[in-house]
Structure formats: C-alpha cells, structure tokens
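Ready for some exercises on reading a protein model? Have the sequence and the 3D view open, and try each task before you look at its solution.

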Amino acid sequence: MIEASAGRRALPMWLSIVAVIALAANLRVAVSSVGALLPDIREANSLGGFGTGLLTALPPFCFGVMGLAGPTVARRIGLHRTALLSVLLITTGQVIRAVVPGAIWLFAGSVITLAAIALGNVIMPSILREMFPARIAGMTAAYTVVMATMQASVSFVTIPLTDALGGDWRLGIGMWAVLALMAVIPWLPMAHHEAAPSRSGVHRLPLATIARVPKGWALALFFGVQSLNAYFSFGWYPTLLRDQGLPQGYAAAQVGFVSIAATVATIFAPGLLDRMRRPALLTWGLFACNIVAYLGLWLAPTTATTVWSLIIGTGQTYFTIALYVVNLRADTTTGVLSLSGFMQSVGYLVAGSGLLLLGTVHGGSTEWGGVILVMMLLSAVLQVFALVSVGRWSIEKELAARDLLPSELAPADRGEGR
C-alpha cells in the first residue's frame with residue numbers, strides 16, 4: 001500500500017479536487033487533437049495506410065506498455081509525484097511533436113506524450129481510492145466527465161481555432177501543451193507534501209500473479225475492446241465521415257457530439273451502477289446503443305449523422321464503467337493499483353493491435369462497410385466481457401481461492417475493503 005503522508009492530509013480538499021480535475025483534463029486532449037487533424041497530418045507527412053494506422057494506434061500501444069510500468073513508478077516515487085511527472089512529460093511531448101520538423105519527431109513527441117498520459121491513466125483509480133475513499137463513485141464520474149468534456153471541446157474547436165490563428169496542423173496539436181503546463185501548478189504542492197513511500201510499507205501484487213486469474217483477463221479484455229471501440233471514434237470516425245462526402249470541419253465536430261453524449265451518460269453511470277441490483281442491465285442497454293449506431297452508419301451515414309454520433313457516445317459509457325468497476329473488483333489500495341495496471345496495459349495493447357490491423361488492412365480505401373461490420377461483432381464480444389466484469393468478485397478473493405495471494409500483503413492492507 002502507498003502510504004499517505006500527514007503533510008498531504010493537511011492540504012485543503014479543494015486543492016486535491018483541482019489537482020485531479022487538472023490531470024483528467026489532459027488525459028484525452030492529445031489524442032483528440034490528432035483525430036481532428038488526421039487528414040492534414042497524413043497529407044503533410046506523406047503517411048500511407050500503415051503509417052496512419054500506426055499513428056492512430058499509438059495511444060493504446062503506449063498506454064499498454066506504460067501501464068506495465070505505472071504501478072512500479074507509483075510505488076517508488078509516490079502517486080502524487082507520478083502525477084506531476086505525467087503532466088510535465090505531457091507538456092514536453094506536445095511541444096516536441098508540434099515544433100520539431102519531420103515525421104520521426106511527430107511520432108517521438110507522440111510517444112512521450114502518450115506514455116505520460118498512460119501514467120495518469122493507471123494511477124487515477126488509486127488516487128481516488130486514497131484521496132476520496134467515501135466518494136469514489138462521485139469522483140469517478142467527475143473526472144471522466146472532465147475527460148469527455150475536454151475531448152468534445154478539442155474536437156469542436158481545434159480546426160476553427162487553428163484557422164482563426166492562421167496556423168497549420170502543428171499549431172492545432174501544439175497549442176494544447178498550455179493546458180498541460182497549467183496542470184503542473186496544483187500538482188507541485190501535492191507532490192511536495194507527499195511523503196516518500198516507505199519500503200517496508202509498500203506491498204506488491206505482481207501483474208504476473210493477476211494474469212493467473214481468468215476474471216482478471218476478462219476485465220482487461222473488457223477494457224481493451226471498449227478502448228478499441230472508443231479509439232475508432234477518436235481516430236477514424238472523422239475520416240469515415242469525410243469519405244462519405246461530409247466537410248472536414250463537420251466530420252471532426254461529430255467527435256464532439258460523441259463526447260457530449262458520453263459526458264452526459266458519464267454523469268449518471270457510476271451512481272446508477274452502484275445502486276442497481278442487476279448492473280448487467282445497464283451494459284445490455286449500452287450494447288444496444290452500439291449496434292443501433294453502427295447499423296445507422298452502415299445504412300444512412302449522412303442522413304442522421306448527429307443522431308448516430310450521440311448514440312455512439314452513449315455506448316462509450318462502457319469506459320466509465322470499467323474505470324469505476326476496477327475499484328470495486330479490488331479490496332485494497334495495492335489491489336486497485338495493480339489491477340488497474342494489468343487492466344489498462346493488456347487492454348490497451350489489445351486495442352492498439354486491433355487499430356493497427358484495421359489501418360493496415362483498410363489502407364486508403366473509402367469503403368467502410370466491412371469495418372463497421374467488424375465493429376458490430378466486437379460490440380457483442382465486449383458485452384460478454386462486460387457481464388463478467390460487473391459481477392461481484394474481487395481480485396484478492398480470486399487469488400486467495402487459488403492460494404496465490406502474496407504473503408507480503410500485510411493483514412492491515414487486506415482489511416481495507418469496503
């Protein structure tokens with residue numbers, strides 16, 4: 001368990017809330033800005049099908065790889081110092097890919113930015129568990145709403161703001177570094193007042209141990225397939241609509257409508273899931289949304305585009321459910337940190353592999369019927385894993401039943417469960 005410090009507890013609650021919101025505001029911006037400008041980026045850097053597919057697959061790949069390292073980094077330097085490191089690197093990476101010429105630096109800056117976002121992704125559930133133990137559902141809703149709101153805002157304003165400032169795609173993706181730099185301000189005192197983790201008080205739940213639990217894999221694949229679905233919307237949805245003859249600005253703005261619907265649904269999802277006797281019913285509703293939306297895009301992509309976008313956004317509430325459920329599927333802070341790392345690392349690697357395959361096979365084609373059919377089939381797979389994930393179980397109990405719970409977990413740590 002990562003120990004809390006007396007100094008950190010002395011800080012005002014509002015500062016903790018501001019810090020969490022500031023971090024959350026930067027966990028999707030760097031991805032959405034690329035999605036909005038993808039056609040221009042692809043043309044300016046002469047990216048083919050593989051290169052474009054790799055660029056859109058970088059977020060989940062980086063999130064997956066850094067998800068493996070996130071728990072270790074947090075245990076060594078502390079949750080708050082890891083958050084500060086995250087926003088500093090997000091700032092640096094966005095500046096590099098916007099300022100330094102050449103496709104290689106576009107990819108290098110993106111890797112730095114996305115690796116830093118991955119750290120923030122992994123530690124956020126543990127931060128909420130540690131800082132707001134009685135308000136996990138509310139704070140989960142708050143930070144996912146902020147992520148979705150920023151995602152929507154970036155989708156709506158990136159192209160108009162870039163045009164108004166007389167810039168090109170570099171300005172469009174680089175100007176958001178200012179937002180990350182602002183997030184450094186609240187995390188500086190948080191990191192300063194955090195006590196260094198005591199080596200005797202830090203317990204480990206290795207990811208390799210979690211990998212021996214089938215339900216752990218179900219949760220990871222749940223997260224992975226929903227991430228593939230989400231990043232299809234972030235990265236490829238504007239291009240799909242543009243290939244149907246819609247203007248680029250209008251097509252990019254549709255991602256904003258996706259985010260608006262996701263934001264509204266996110267406000268209610270954690271609390272609703274917490275109160276429902278049969279939480280599986282909520283996932284069945286989201287499954288229906290995905291199927292209806294993809295059918296609409298297949299049969300009438302330009303006649304009711306905004307309707308399909310809103311339904312797609314509602315279906316993406318799976319993401320919020322996954323982030324909330326990971327706190328319910330562990331009884332300890334150690335369990336949350338390790339399970340979150342396993343879920344996100346495996347899940348994002350699955351999503352990245354799918355996106356890379358999608359970009360390579362689809363190439364420069366303007367026909368999307370086959371892709372939409374694949375996304376509908378994946379929605380059915382997603383629902384299967386969702387049903388397992390919202391069931392009542394915990395990783396510690398699953399490990400104990402298999403005699404795999406590490407002995408170094410102290411009794412006090414095992415007793416944290418709610």
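Four exercises with worked solutions follow.

**Before you start**

This is a predicted model, in which local features need pLDDT of at least 70, side-chain atom pairs count only at pLDDT 80 or more, and totals for chains, interfaces and linings use all residues. Residues are numbered from 1 along each chain as its sequence is written, and side-chain values use heavy atoms, with hydrogens and water left out.

**Exercise 1. Find the salt bridges and say which of their residues form a network.**

Step 1. Apply the criterion: a side-chain nitrogen of Lys or Arg within 4 Å of a carboxyl oxygen of Asp or Glu. This gives three salt bridges.

Step 2. Begin with K215 and E398, whose side chains pair at 3.6 Å, N to O. K215 sits in helix α11 and E398 in helix α18 (residues 395-401), 183 residues apart; helices here are DSSP runs of H or I with at least four residues, numbered from the N terminus.

Step 3. Turn to R402, whose side chain also bridges to E398, at 2.9 Å from N to O. K215, E398 and R402 are thus members of one salt-bridge network.

Step 4. Check how covered these residues are, taking buried as under 20% relative accessible area, exposed as over 50% and partly exposed as in between (1.4 Å probe, protein chains only). E398 is buried at 14%, while K215 is partly exposed at 31% and R402 is partly exposed at 36%.

**Exercise 2. Work out what the D331 and K397 pair ties together.**

Step 1. Look at the two side chains: D331 and K397 form a salt bridge of 3.0 Å, N to O.

Step 2. Place both partners. D331 is in the loop between α15 (317-328) and α16 (333-362) and K397 is in helix α18, so this bridge ties together parts 66 residues apart in sequence.

Step 3. Compare their cover. D331 counts as buried because its relative accessibility is 16%, whereas K397 is exposed at 55%.

**Exercise 3. Describe the surroundings of T140.**

Step 1. Locate T140 in helix α7 (residues 136-164). Its relative accessible area is 0%, so T140 is buried.

Step 2. Look for a polar partner, meaning N or O atoms within 3.5 Å, one able to donate a hydrogen and the other to accept it, where residues adjacent in sequence count only if both atoms are side-chain atoms. A polar side-chain atom of T140 lies 2.7 Å from the backbone oxygen of I136.

Step 3. List the contacts (heavy atoms within 4.5 Å). Leaving out residues up to four places away in sequence, T140 touches L128, P270, T320, L323 and Y324.

**Exercise 4. Characterise the largest nonpolar core.**

Step 1. Use the rule for a core: buried Ala, Val, Leu, Ile, Met, Phe, Trp, Tyr and Cys residues joined through side-chain atoms within 4.5 Å. The largest such core has 130 residues, and V20, L55 and F232 have the most contacts inside it.

Step 2. Ask which helix gives the most to this core. That is helix α11 (residues 214-243), with 14 residues.

Step 3. Zoom in on L55. Not counting residues up to four places away in sequence, L55 touches V34, L38, I41, L47, L106, F107 and S110.

Key
Helix = DSSP H or I, 4+ residues; strand = E, 2+ residues; numbered from the N terminus.
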